[in-house]
Amino acid sequence: MDEETTMQDHRKLGRELGLFDTDPLMGAGLPYWLPDGAAIRHVLEEYVRDLERRAGYRHVYSPVLGKRALFEQSGHWSHYNHDMFPPMDVGGEQMLLRPSLCPHHALIYRSRAHSYRELPLRMAEIGGMYRAELSGVLGGLSRVRAIQLNDAHVFCTPDQVLREARAALELIQRAHRDLGIKPVRYRLSLRGDGGKYVDNPEMWQRSEALLREVLSGVDHEEAPGEAAFYGPKIDIQIADSAERESSISTVQVDFHQPARFDLSYIGADGARHRPVMVHRSLIGSMERVVAHLIEVHGGAFPAWFAPVQLAVLPVSDDEWPAAAAVAQRCLDLGLRAEVVGVERGSLGARIRESRLAPYQAVIGAKEVANEEVALRLRDGRRLDSMPVDEALGRIGALVGARSLELWES
């Protein structure tokens with residue numbers, strides 16, 4: 001399968017499922033999310049935030065704009081400006097759309113004094129950033145110009161770096177298991193030749209040695225020339241159906257930006273010390289991870305992040321009120337449900353139309369009389385009629401547990 005076919009398949013499936021679309025008046029590489037796609041994204045965002053909270057992260061919000069001077073200080077302007085949008089003149093100052101979140105997080109850290117007792121300080125955000133991608137590489141959700149990144153930065157003491165980087169990698173692996181993502185390989189991305197990298201050999205040696213230790217016991221490959229301009233990184237690689245690889249999650253050790261922003265903490269000796277930044281993204285950008293999940297699951301998403309979890313199918317118009325009541329009960333329980341009524345065709349046609357929903361609840365006269373539903377599972381199983389509350393309770397338990405299974409006996 002060639003690249004163009006793969007990209008067309010991704011775009012086609014996303015549009016058929018009503019997840020996202022584009023408009024030439026908005027511009028290339030700027031997709032918008034339709035309600036079903038937005039529902040998936042919302043669930044993923046809440047999942048990531050919950051996972052991070054449980055791991056000790058604090059969440060922040062930061063602006064997508066910054067002065068050119070900010071990115072000159074971080075090093076992005078000198079090392080990365082070819083991937084940034086041009087400056088905008090605003091009130092006599094040059095402003096830029098940010099290409100990453102780390103400079104803003106460094107300033108947030110710097111805004112308060114910190115003691116060694118506060119570290120590690122784990123700061124997370126799902127925030128917007130922008131890359132001036134060439135039109136020829138844009139496609140679907142997988143390569144875009146406006147990015148919503150699941151990003152985090154851990155500010156820690158030098159003796160905490162190894163533990164924090166390892167913990168970040170373990171959290172990434174947990175997220176991948178929950179989402180059904182199977183990486184094709186782990187990559188240690190190292191600096192290459194040329195002037196695009198910060199010239200500090202000792203800094204590179206320290207950070208490379210730390211990441212090699214993090215990856216000890218993990219099969220991986222080394223990739224010179226794939227590092228960030230300020231340091232090496234662990235990239236977790238995924239592949240699409242054409243076996244084209246991309247990075248979805250990353251762990252980086254950064255000695256550069258703490259020095260550039262003169263970050264510090266007060267140590268046990270009462271003196272100022274320099275923290276280390278660990279950059280970490282659990283699932284990468286919302287755009288790329290959803291694009292990958294569309295391909296992995298073919299639209300048949302696990303129940304916990306399926307856009308419609310339960311399709312309610314009244315056999316006739318007589319059962320419509322009962323079907324609407326079941327759908328409302330789902331909404332009250334935090335489940336996403338849709339009534340697929342007779343105006344959309346015969347029962348068989350509606351069952352086929354709703355084939356990607358994890359659960360279908362058929363409601364006929366018998367079910368109305370007994371306050372029950374007859375459940376059909378996406379894998380073809382049909383369950384005996386059961387009380388509505390029991391059915392929704394069992395579905396809710398599986399969704400709440402983020403199970404990849406459709407039913408438990």
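**Exercise 1. Strand β7 and its partners**

Find the residue that stands opposite G128 in β8, then describe how β7 pairs with its neighbours.

*Solution.* Step 1: start at G128. Its opposite residue in β8 is Q148. Keep in mind that this is a predicted model.

Step 2: look at the whole pairing. Strand β8 covers residues 146-156, and ten bridges join β7 to β8. The two strands run antiparallel.

Step 3: turn to strand β3, residues 58-59. Two bridges join β3 to β7, and here the strands run parallel. One bridge pair is H59 with A124 of β7.

Step 4: check the cover. Of the ten residues of β7 (121-130), eight are buried. The strand is therefore mostly covered, given that buried means under 20% relative accessible area.

**Exercise 2. A three-stranded sheet**

Work out the strand order in the open sheet that contains β4, β5 and β6, and name the edge strands.

*Solution.* Step 1: write the order. It is β4-β6-β5, with antiparallel pairing.

Step 2: pick the edges. β4 (65-67) and β5 (88-90) each pair on one side only, so they are the edge strands, as pairing rests on at least two bridges.

Step 3: add the twist. Neighbouring strands of this sheet are turned by 45 degrees against each other on average, ignoring direction.

Step 4: zoom in on one pair. β4 and β6 (residues 93-97) share three bridges in the antiparallel sense. L65 stands opposite L97 in β6.

**Exercise 3. Helix α7**

Test the length of helix α7, then decide how its buried residues are arranged around the axis.

*Solution.* Step 1: predict the span. Helix α7 holds 14 residues, 201-214. At 1.5 Å a residue, the expected span is 20 Å.

Step 2: compare. The end C-alpha atoms are 20 Å apart, which agrees.

Step 3: list the buried residues. They are M203, W204, S207, E208, L210, L211 and V214.

Step 4: look down the axis. These buried residues fall within an arc of 160 degrees, so they line one face of α7.

Step 5: recall the rule behind such patterns. An α-helix has 3.6 residues a turn, so residues three or four places apart point the same way.

Step 6: check the other side. There, E202 and Q205 are exposed.

Step 7: find the cover. What lies over the buried residues of α7 includes two helices, α6 (161-179) and α8 (256-260). The cover also includes strands β9 (185-190), β11 (233-239) and β12 (245-254).

**Exercise 4. Residue V312**

Is V312 buried or exposed, and which residues does V312 touch?

*Solution.* Step 1: place the residue. V312 lies in strand β16, residues 310-314.

Step 2: read its accessibility. V312 has 0% relative accessibility, so it counts as buried.

Step 3: list the contacts. Leave out residues up to four places away in sequence. V312 then touches A323, V326, A327, E338, V339, V340, A361 and I363.

Step 4: add a distance. P99 is 213 residues from V312 along the chain, and their C-alpha atoms are 44 Å apart.

**Exercise 5. The whole chain**

How many helices and strands does the chain have, and what share of its residues is buried?

*Solution.* Step 1: count the elements. There are 13 helices and 20 strands.

Step 2: take the buried share. It is 51% of the 409 residues.

Step 3: give the extent. The C-alpha trace spans about 75 × 50 × 45 Å along its principal axes.

Step 4: describe the surface. The chain exposes about 18,900 Å², and carbon and sulfur atoms supply 49% of it.

Step 5: sort the contacts. Take those between residues at least 6 apart in sequence: 69% join residues at least 24 apart.

Key
Residues numbered from 1 in each chain as written. Predicted model: local features only at pLDDT ≥ 70, side-chain atom pairs only at ≥ 80, totals over all residues. Heavy atoms only, no water. Helix = DSSP H or I, 4+ residues; strand = E, 2+ residues; numbered from the N terminus. Expected span 1.5 Å × (residues − 1). Buried < 20%, exposed > 50% of the residue type's maximum accessible area, 1.4 Å probe, protein only. Arc of directions from axis to C-beta. Contact = heavy atoms within 4.5 Å. Axes fitted to C-alpha atoms, helices over the stretch in contact; angles between N-to-C directions. Areas by Shrake-Rupley, 256 points an atom, 1.4 Å probe, with all protein chains shown as cover.
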